[in-house]
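Here are my notes, kept to numbered points. Please read them with the coordinates open.

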Amino acid sequence: MRKTMSISLGTLLAVSAVLASVGSAAASGAAQPTAEAKKSGKVLRVNLGYEIPTADPSLSEDPVSAAIVRATFDGLTRTGPDGKPQPSIAEKIDVSADLLTYTFHLRDAKWSNGDPVTAHDFEYAWKRALDPKTGANYAYQLYYLKNGKKANRGEAKLDEVGVKALDAKTLQVTLEQPTPFFLELTSFPTYYPVNKKVAEANPKWANEAGTHVGNGPFKLAAWEHKQKLTLVKNDKYWDKDAVKLDRIEGTMVEDENTELAMFDNGELDWAGQPLGQLPPDALPYLKEEGLLQTQPIAGVYYYKFNTEQPPFTNAKIRKAFSYALNRKALSDEGVIGTHLPALGFVPPTMTVSSHPYFKDNDAETAKKLLAEGMKELGISKLPPITLSYNTSEAHKKIAEAIQKQWRQTLGAEVKLENKEWKVFLEDLHNGSYQIARYGWLGDFNDPINYLELFMEKDGGNNDTHWENAEYRKLLTQSATQTDPEKRRELLAQAEAILMDEMPVLPIYYYTQSYVKRDHVQGVLIDGLGFIDWKWASIK
């Protein structure tokens, strides 16, 4: 099949040079520890890909920020090597017979500044995240708490939220309804504690190494913004004996070719996901050489439509742009690497449907829907359209390939616009975009985590501004449905509405691909794609 993606000569030469050096390294055993690595002790060198917006667990919302937060904080539970939540700061957990009340008994633990970690820190952090003034986009993760949603919307007082420190070592939590995945949630960053004294004394405490205070296996030792971030073992961590690394050094290089070259040159011990990226053109070669490691995860890469900006106020036009995509070609030609084409929104790891919601590369239907949609809008020509993405060679190549497909199938001229990650996020949340790339990795292993993103028009991550009353009704019904099969049917009906209205355009389901040194062991990547260095080691 003819390649639909144009690659510059410079890019080809850069990739070829990297592949040649990686091939040479493979032949000479470069997957073994380098002399530099042996000298530096138990140090893991990774690439973070970009400057994280924050190291505050209540405000982090991207995978790299979450990785740093997960390293520097600890929750009531923590996802273990077996992929299941295990008691962490909570030493003992009692659950009432009606599954509505959880009582967490905390172990002796300290903050990195020596303060004791208390139940009051958890109560403060959760209410702080729910406080509308905080502006936490992940506040909805706390809606499972009694009055959590109402408090976040200003309809109830924060004191009425179902979380209360009975004393320094006892936290009582009351839920709105039974939530089978609640203990998974308590291992998510939004549920981490925050040191009240530190946060109230300095609102910017989480933006510099010198003022950052956590309670996790590592602490933030240095943060050279947009250049490097360093974590060191936290000697005050309650489970410090389980932590084998002395230090983690994270560079901030956005270019995938440079990242792979740094790995080959011995400057990195790990390159690729879930933090950085590998050049898409390098993946087939790395796989052939046996260097590439790939892991399927619960995640979907998609484009968001701003449904309040023409022409994407029209559902038929949104569907036309989705049906016009040839996802199989993107896969066959290596544009989306090792990822799986998506014909629905919920990943196959937790799917609620036994069949695709639409056909791939349905050009004729796409043209028909576009014509009908334009007629409904009273226009004879599409207005200027811009597709936005954050700086990344991988995002750029996907956008270029899709831009070409839309031009060939729909006659649409689409301008591409790349932005630095922080600016990109701000523009999304402000509605300053028409189409934008996005990705969602599950916070917990349940379809509701994907479908609830679009439950409310003003939801924290619903930048599409789309809402549907029947969709909301189905999700509300699923929350109280105790029969698993009936609940699955309700969620499948909801996803069908989402795919019929198409405020989001699914492109692929994630797999994570990376290369690493053989001496790096014990790095945990769970089924949701989260990385945890607590048990990592250098052998």
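1. A term to settle before the charged pairs: a salt bridge here is a side-chain nitrogen of Lys or Arg within 4 Å of a carboxyl oxygen of Asp or Glu. With that in hand, look at Lys 149, Arg 153, Glu 456 and Asp 458, which are linked in a network of salt bridges. Keep in mind throughout that this is a predicted model.

2. How many salt bridges does the rule give? The count comes to 32. Three individual pairs are taken up below, after the overall picture.

3. Overall dimensions. The protein chain has 539 residues and a radius of gyration of 24 Å, which agrees with the value near 24 Å for a compact globule of that length. The C-alpha trace spans about 65 × 60 × 40 Å along its principal axes.

4. Secondary structure and contacts. The protein chain holds 17 helices and 21 strands. Take the contacts between residues at least 6 apart in sequence: 70% of them join residues at least 24 apart.

5. Burial and surface. Of the 539 residues, 57% count as buried. The exposed area of the protein chain is about 21,500 Å². Carbon and sulfur atoms supply 50% of that area.

6. Strand 7, first partner. Strand 7 covers residues 170–174 and runs antiparallel to strand 5, residues 101–106. The two are joined by 5 bridges. For a register check, find Thr 103: Gln 172 in strand 7 stands opposite.

7. Strand 7, other partner. Strand 6 (residues 163–167) is also antiparallel to strand 7, with 4 bridges between them. Here Ala 165 stands opposite Leu 171 in strand 7. Strands 6 and 7 form a hairpin, and 2 residues lie between them. Strand 7 is thus paired with strand 5 and with strand 6.

8. Lys 316 and Glu 372. This pair forms a salt bridge, with 3.3 Å between the closest N and O atoms. What does the pair tie together? Lys 316 is in helix 10 (residues 315–323) and Glu 372 is in helix 12 (residues 363–377), so the salt bridge ties together parts that are 56 residues apart in sequence. Are the two side chains' residues buried, exposed or in between? Lys 316 is partly exposed at 26% relative accessible area. Glu 372 is partly exposed too, at 25%. The cut-off for buried is under 20%, so neither residue counts as buried.

9. Asp 332 and Lys 328. Their closest N and O atoms are 2.7 Å apart, and they form a salt bridge. Both residues sit in helix 11 (residues 327–332). They are 4 residues apart, about one turn of the helix. Asp 332 is partly exposed, with a relative accessible area of 47%. Lys 328 is partly exposed at 48%.

10. Glu 485 and Arg 488. This salt bridge has its closest N and O atoms 3.1 Å apart. Both ends belong to helix 17 (residues 484–501). The spacing is 3 residues, about one turn of the helix. Glu 485 is partly exposed at 40% relative accessibility, and Arg 488 is partly exposed at 30%.

11. For a second look at the pairs: Lys 316 and Glu 372 lie in helix 10 and helix 12. Asp 332 and Lys 328 both lie in helix 11. Glu 485 and Arg 488 both lie in helix 17.

Technical notes:
Residues are numbered from 1 along each chain as its sequence is written. This is a predicted model: local features need pLDDT of at least 70, side-chain atom pairs count only at pLDDT 80 or more; totals for chains, interfaces and linings use all residues. Side-chain values use heavy atoms; hydrogens and water are left out. Buried means under 20% relative accessible area, exposed over 50%, partly exposed in between (1.4 Å probe, protein chains only). Two strands pair if DSSP finds at least two bridges between them. The radius of gyration is taken over C-alpha atoms; the globule rule is 2.2 Å times the number of residues to the power 0.38. Contact means heavy atoms within 4.5 Å. Accessible areas come from the Shrake-Rupley method with a 1.4 Å probe; for residues, only the protein chains shown count as cover.
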